[in-house]
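Here are some exercises to work through with the model open beside you. Take each task in turn, then follow the solution step by step.

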Amino acid sequence: MGIEMCGIVGITGTKQAVSVLINGLERLEYRGYDSAGIYVNDQTGQDYLVKRAGRIANLKSALTPEIQGSAGIGHTRWATHGVPNEINAHPQYSADERFYLVHNGVIENFEQLKQEYLADVKFQSQTDTEVVVQLIDRFVVDYEMDTKSAFLKVLHLISDDSSYAFVLMDRQTPDTLYVSKNKSPLLVGVGDGFNMVASDAVAMLKETHNFMEIEDREVVIVKPSGVVIRDFDGNEMKRDTFRVDMDASAADKGTYPFYMLKEVDEQPVVMRKLVQEYLDTDGSPVIEPELLSRMQQADKLYVVGAGTSYHAGLIGARLFERLTGIPTQVFISSEFAYEQPIMSKKPFFIFLTQSGETADSREVLVNVKKQGWPTLTITNVPKSTLSREATFTLLLHAGPEIAVASTKAYTAQVALQAILAKGLGMAMRKQLAIDFDVKQQLGLVAVGMQAIVDSKDQLESVAARYLAQPRNAFYIGRGIDWSVALESALKLKEISYVQAEGFASGELKHGTIALIEDKTPVIGIITQDRTAGLTRSNLQEVVSRGASVLTIASKHLAQPDDTIVLPDVDELLTPLLSVVPAQLLAYYTSLGKGLDVDKPRNLAKSVTVQ
Ligand code: G6P
């Protein structure tokens, strides 16, 4: 079956393709890491195909010095169907070994194409991609079409509900990359003497800072000397380049053992960056007036996201309701997509997505747009699919987040929603919003975050003492502390494989308390005046059942034996601090178990399948 998620990189021109491809694939490993491959051609008739199951490191160790070329394609895969083995890895190729193809996405009608055109062909892999590459070959060899026409013909035969990003190479035109996409991310990198294509700009930043978008259902011919984009009817499309000024080293680990730790540490800087980007000197939000006016007209805000972004939305909803008075509801995107609730008369949609590519969230966006409602995407990735397709975009400015477990994108999403809620509330003349000094508070948050990340040693020993052994753990809290409990438990699950749950602390006693055994860790989050006492009582209930209780408490609510004491900030913004120890507890638990913190099993950073 299909290869639904992966990273693609391709290059043609004056560079040594192998090192560019490997470097690019390493940057894309967050998109999938269960098999990888490259195909390179040296333009004198020599070419090489190397594929391996497992991480890119396996592929790298299979490379020998004679494997060289100036054009090539590479792929790293995260399989959801079909075994992640060498045969199913990409590039896939035609039986005559003339065509090589890398693919991200799912070709929904591949069985039908196979039966109709390729009934006599013996396939070696289980992939839909092999069907596509064999079909291109068939049209070229048996029907005597040129490669470009054959490629276009196959693109026409692929059903509209399919998704793909394709990069094809032909041994007979070895300096040319044949490229097309539908619903899967892919963009062109423009260089001096070379050109590239990849699923994400980070894979090309070492080589170039100039990029060109590819729209769905276009055919792009990439050669060393230039890039030509046409629509499916053959009309040439003019496309400007855009510059991404991010430093390639922003996507480097530097001296950190894992990206996650680097990204946790970057959070104070990200807070300051958001202040700089979105608040003027007197602390007023600088937000497009048109966005504020469209939001002001709404009778209800709908916040949509998946995973960590959904959890950030839970906090955002409280911020919007408190500071603007507009009712706000949060939805898991994969739920909303299939069961749209009865809508208010004037909805406004906010999509939270670090990557801007999550298929579940995009599905909702597409449906909502069809119904004519205004949309905002809050994302970390400029020009990402959800950013391009929404009415408005606000960028998180968090820098590339590479570790699968999201950290700085979560806190950036919470902080940016606070800024937006403040801006909207001010525009609506809400006193609470006017009084809420978000600039000063985010300054305090940055200092507070720094203090927490500086106390890593303490968190490492807490993790070793309480979380190394148990199978289960609970985070509990009320209100926004509960929302943070959900995110904290997700962090622990994702990277340490401890079965963790985030629970409304008052609800635990209504059933789930049965799971508490001797030494089950229960971590209480206590940052809100109104609920602190109640959560402490709930912790007492589990202490008497043998739980090992830990606490993360704001300073003004702290008691002498609290485990972690957080600096005080406005109650609306405590999630920005309380989540940080939870991120680090998850990190050290994973590290202590010797796991790959950045690349946990079964997960991928950007899930482009529904
Ligand atoms: C994947 C990742 C999660 C992430 C979620 C939503 O499942 O593993 O860490 O929270 O996708 O991603 P998004 O890019 O839309 O925020």
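**Exercise 1. Work out how helix 13 and helix 19 are oriented to each other, and which residues join them.**

Solution. Helix 13 and helix 19 run roughly antiparallel in this predicted model, because angles over 145 degrees count as such.
- Step 1: find the angle. Helix 13 and helix 19 (residues 575-592) cross at roughly 170 degrees, and their axes come within 10 Å.
- Step 2: find the residues. Helix 13 brings Y410, T411, V414 and A415 to the contact, and helix 19 brings P575, L576 and V579.
- Step 3: sort them by class. Six residues of this contact are nonpolar, one is polar and none is charged.

**Exercise 2. Now describe how helix 8 packs against helix 13.**

Solution. Begin with the geometry again.
- Step 1: helix 8 covers residues 289-296 and helix 13 covers residues 408-427; the axes of this pair are 10 Å apart, at an angle of about 70 degrees.
- Step 2: angles from 65 to 115 degrees count as roughly perpendicular, so helix 8 is roughly perpendicular to helix 13.
- Step 3: on helix 8, look for L291, L292, M295 and Q296; on helix 13, their partners are L420, G423, L424 and A427.
- Step 4: the class count for helix 8 with helix 13 is six nonpolar, two polar and no charged residues.

**Exercise 3. Place the domains, then describe the interface of domain 2 with domain 3.**

Solution. Go from the domain bounds to the residues.
- Step 1: the protein is divided into domain 1 (7-105 + 162-245), domain 2 (259-453) and domain 3 (455-610).
- Step 2: between domain 2 and domain 3, the C-alpha centres are 24 Å apart.
- Step 3: on the domain 2 side 46 residues are in contact with 40 residues of domain 3.
- Step 4: about 3,800 Å² is buried between domain 2 and domain 3, with 66% of it on carbon and sulfur atoms.
- Step 5: M260, V404 and I452 are the residues of domain 2 that lose the most area to domain 3, together 20% of what that side buries.

**Exercise 4. Where does UniProt place the feature "domain: SIS", and what is the helix and strand content there?**

Solution. Start with the record and then turn to the model.
- Step 1: the unreviewed UniProt entry gives this feature at residues 291-430 and 462-600.
- Step 2: residues 291-430 are 46% helix and 19% strand, with end C-alpha atoms 18 Å apart.
- Step 3: residues 462-600 are 38% helix and 20% strand, with 22 Å between the end C-alpha atoms.

Notes
Residues numbered from 1 in each chain as written. Predicted model: local features only at pLDDT ≥ 70, side-chain atom pairs only at ≥ 80, totals over all residues. Heavy atoms only, no water. Axes fitted to C-alpha atoms, helices over the stretch in contact; angles between N-to-C directions. Helix = DSSP H or I, 4+ residues; strand = E, 2+ residues; numbered from the N terminus. Parallel < 35°, antiparallel > 145°, perpendicular 65-115°, else oblique. Contact = heavy atoms within 4.5 Å. Nonpolar A, V, L, I, M, F, W, Y, C, P; charged D, E, K, R; others polar. UniProt positions renumbered as here; feature names shortened; annotations may be inferred. Domains from an automatic or database assignment. Buried area = accessible area lost by both parts, 1.4 Å probe.
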